[in-house]
Amino acid sequence: MTVRFKGTELRPVLAEAVANQCRVILVKDQGVYCLAERGERQPDGRQKTIAYAAGCNPDVDAFDDWWELARAEFGGDDFGEFFDPQEGVFARILRSEDDLDVSATATHLSLQAVPPTPSGN
């Protein structure tokens with residue numbers, strides 16, 4: 001099982017991290033999402049530019065659905081992993097139309113750039 005980040009949503013996060021010379025954080029807590037380590041804030045204090053994994057956005061997906069998908073892929077613990085947006089798979093996504101698939105084992109995260117699906121899913 002994997003979760004997918006749409007490149008169209010992830011690229012603004014990567015661009016913000018590059019512009020702010022900071023890392024990208026992959027987070028699992030209230031959903032599964034990526035954001036720049038230092039980014040623009042909304043008036044309520046929340047980060048403005050966030051990319052949620054498909055099916056893992058608590059603002060649009062039913063709690064039981066996103067929670068189960070996040071738990072099935074990443075386990076029950078919350079976490080944050082830091083990445084350089086100008087290296088590896090993130091650099092490729094920043095310069096392409098690709099999406100990002102993320103999967104996990106008990107000890108490793110696997111990140112893979114993949115072509116976007118024609119249906120937009």
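## Working through helix H1, the sheets and the cores

The buried residues of H1 pack against E1, E2, E3, E4, helix H3 (88-94) and E6. Keep in mind that this is a predicted model. Have the structure open and try these.

**Exercise 1. Work out which residues of H1 are buried and how the helix sits on the strands.**

Step 1: Find the helix. H1 covers residues 7-19. Its 13 residues reach 18 Å from first C-alpha to last, close to the 18 Å expected at 1.5 Å a residue.

Step 2: Pick out the buried positions. They are Gly7, Leu10, Arg11, Val13, Leu14, Glu16 and Ala17, so Arg11 and Glu16 are on the list along with Leu10 and Leu14, because buried here means under 20% relative accessible area.

Step 3: Look at what lies beneath. H1 lies across strand E2 (24-29), E3 and E4, and runs at about 40° to E3.

Step 4: Check what follows the helix. Gln21 comes after H1 and has a positive phi, near 50°.

**Exercise 2. Lay out the four-stranded sheet: what is the strand order, and which strands are at the edges?**

Step 1: Write down the order. It is E4-E3-E2-E5, an open sheet with antiparallel pairing.

Step 2: Name the edges. Strand E4 (50-52) and strand E5 (79-83) each pair on one side only.

Step 3: Get the twist. On average, neighbouring strands here are turned by 20° against each other, direction ignored.

Step 4: Zoom in on one pairing. Strand E3 (residues 31-36) and E4 are joined by three bridges in the antiparallel sense, and Leu35 stands opposite Ile50 in E4.

Step 5: Add the other helix. Helix H2 (residues 63-74) packs on the sheet and touches E2, E3 and E5. The direction of H2 makes about 115° with that of E2.

**Exercise 3. Trace the partners of strand E6: how many bridges join E6 to E1, and how many to E7?**

Step 1: Take E1 (residues 3-5). Three bridges join this strand to E6, antiparallel, with Val3 partnered by Val102.

Step 2: Now take E7 (residues 109-114). Six bridges join E7 to E6, again antiparallel, and Leu100 stands opposite Ala113. A hairpin of four residues makes the connection from E6 to E7.

Step 3: Ask how covered E6 is. Five of its six residues (99-104) are buried.

**Exercise 4. Classify the Tyr33 and Tyr52 ring pair.**

Step 1: Count the pairs. The model has five aromatic pairs.

Step 2: Read the geometry. The Tyr33 and Tyr52 rings are 5.3 Å centre to centre with 55° between the planes, which makes the pair tilted. Tyr33 belongs to strand E3 and Tyr52 to strand E4, 19 residues apart.

Step 3: Check burial. Tyr33 is at 12% relative accessibility, so this tyrosine counts as buried; Tyr52 is buried too, also at 12%.

Step 4: Look elsewhere for rings. Phe63, Trp66 and Trp67 make up one aromatic cluster.

**Exercise 5. Find which residues touch the most other members of the largest nonpolar core.**

Step 1: List them. Of 25 residues in this core, Val3, Phe5, Leu10, Val32 and Leu100 touch the most other members.

Step 2: See who contributes. E1, H1, E2, E3, H2, H3 and E6 each supply at least two residues, and the largest share, four residues, comes from H1.

Step 3: Follow one member. Leaving out residues up to four places away in sequence, Leu10 touches Phe5, Cys34, Ala51, Phe90, Ile93 and Leu100.

Step 4: Finish with the second, separate core. This one has five residues, among them Ile25, Val27, Tyr33 and Leu35.

Technical notes: Residues numbered from 1 in each chain as written. Predicted model: local features only at pLDDT ≥ 70, side-chain atom pairs only at ≥ 80, totals over all residues. Heavy atoms only, no water. Buried < 20%, exposed > 50% of the residue type's maximum accessible area, 1.4 Å probe, protein only. Pairing = 2+ DSSP bridges. Axes fitted to C-alpha atoms, helices over the stretch in contact; angles between N-to-C directions. Contact = heavy atoms within 4.5 Å. Phe/Tyr/Trp six-rings, centres within 6.5 Å; stacked < 30°, edge-to-face > 60°. Expected span 1.5 Å × (residues − 1). Core = buried A, V, L, I, M, F, W, Y, C linked by side-chain atoms within 4.5 Å.
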